[in-house]
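Dear colleague,

I am handing over the structure we spoke about. Please look it over before reading my notes, which follow below.

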Amino acid sequence: MGLIDRYYSWRGSSMLEEEGLAPEAEPTEDTPLQSSSSSKTNENKVKEGARKLFNITREGPLSFRILAFLGGIGMIVAGLIDIIADSIVTFNPAGLLVALYAFIFGILICAIEGKRFDIPDHIEKTAKFYFRILDYTWGRGGLYAFAGSLLHTQPSKVNVGVGVYMIFVGVVALISSLAAGKKLAEVREALDSKRELRNMFDMHDADGNGSLKPAEFAGLCSDLGVVVSYQELVACFNAIDKNDDDKVTYDEMVAWWRSWGSTKLPRHLGSLMV
């Protein structure tokens, strides 16, 4: 099974739904009528969110970005519990401070990784504006590991569990950043000219929409002799897809190609730009 086939087997049919390529379901007699009430609208939003989460969990390997978002939710919940316990039940100033930090870090992580869950774009942009290091996968990985280690200092089993989980996600992100940086450096070395970049881009833009989806980008890398894993692919996209829309345009590819060509970093330092 080829790289693209493996990728699509990970993604499953939900990828078609996300990209608007799946056929719309025919209405049946069991389909409920749309309600104009606000309560019905809120109920539909909750169901839609649950459906997206279910689709994501059945796609196969979850990216560290999705795992981080779920961990951010866990940090928010754990932080709230500790804030209540340390400020009302047993007054513990030190524990209360750690709980506040955990709560804030949880919100920050959800803000930068919540695009797939319909978190408003301006929240993510604001977070990245004030924390530029979060533009890079290694920066996010460092944040996840630090937040997890901070929560791990709290005595409860919930805090320890969420803390260990976030440390794990952070390590995965850091490793993926290191590997993706080396792979992108190899891709950049293989693309000698802008004309070759244009030819390779057009060759793998299967639907001719002027952008590469993750599977198409993985195929481009494969044809250049660079095989990327799922997590490396996520990190590569984080480096090139600057508007975070799960698509790489030709302009984004050119911007990446020029920036990496001008810096001339050693291959082992490529992760600093991912």
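Asp 202 is partly exposed, because its relative accessibility of 40% falls between the 20% limit for buried and the 50% limit for exposed. This, like everything below, is computed from a predicted model. Asp 202 forms a salt bridge with Arg 198, and the closest N and O atoms of the two are 2.8 Å apart. Both residues belong to helix α9, where they are four residues apart, so about one helical turn separates them. Arg 198 also counts as partly exposed, with a relative accessible area of 31%.

Arg 198 has a second partner: it lies over the face of Tyr 250, at 3.7 Å from the ring centre.

The salt bridges come to six in total. Another of them joins Asp 207 to Lys 213, with 2.7 Å between the closest N and O atoms. The two ends of this bridge fall into separate classes of accessibility. Asp 207 is partly exposed, at a relative accessible area of 42%. Lys 213 has a relative accessibility of 8%, so it counts as buried.

A further salt bridge runs between Glu 113 and Arg 65, whose closest N and O atoms are 2.6 Å apart. Glu 113 is in helix α5 (residues 93-113) and Arg 65 is in helix α4 (residues 64-89), so this bridge ties together parts that are 48 residues apart in sequence. Glu 113 and Arg 65 are both buried. Together with Arg 140, they are linked in a network of salt bridges.

Next, the aromatic residues. The count of aromatic pairs is four. In one of them, the ring centres of Tyr 136 and Trp 138 are 5.7 Å apart and the planes meet at 20°, so the pair is stacked. Tyr 136 has 30% relative accessibility and therefore counts as partly exposed. Trp 138, at 29%, is partly exposed as well.

Phe 201 and Tyr 250 make an edge-to-face pair, with 5.5 Å from centre to centre and 70° between the planes. This pair links distant parts of the chain: Phe 201 is in helix α9 (residues 194-204) and Tyr 250 is in helix α12 (residues 250-263), 49 residues apart. Phe 201 and Tyr 250 are both buried. Tyr 250 is thus the ring that pairs with Phe 201 and the one whose face is covered by Arg 198.

How many residues of helix α11 (residues 230-240) are buried? Eleven of the eleven are, so helix α11 is largely enclosed by the rest of the structure. Among these buried residues are Glu 232, Gln 231 and Asn 238, as well as Leu 233, Val 234, Phe 237 and Ile 240.

Last, the chain as a whole. The protein chain has twelve helices and two strands. Along the sequence, their order is α-α-α-α-α-α-α-α-α-β-α-α-β-α. The chain has 274 residues, and 42% of them count as buried. Of the contacts with a separation of 6 or more, 70% are between residues 24 or more positions apart. The exposed surface of the protein chain is about 14,600 Å², and carbon and sulfur atoms supply 63% of that area.

Regards

Definitions and conventions:
Residues are numbered from 1 along each chain as its sequence is written. This is a predicted model: local features need pLDDT of at least 70, side-chain atom pairs count only at pLDDT 80 or more; totals for chains, interfaces and linings use all residues. Side-chain values use heavy atoms; hydrogens and water are left out. Rings of Phe, Tyr and Trp (its six-membered ring) pair if their centres lie within 6.5 Å; planes under 30 degrees apart count as stacked, over 60 as edge-to-face and the rest as tilted. Buried means under 20% relative accessible area, exposed over 50%, partly exposed in between (1.4 Å probe, protein chains only). A charge sits over a ring if NZ of Lys or CZ of Arg is within 6 Å of the ring centre and within 35 degrees of the ring normal. Contact means heavy atoms within 4.5 Å. Accessible areas come from the Shrake-Rupley method with a 1.4 Å probe; for residues, only the protein chains shown count as cover. A salt bridge is a side-chain nitrogen of Lys or Arg within 4 Å of a carboxyl oxygen of Asp or Glu.
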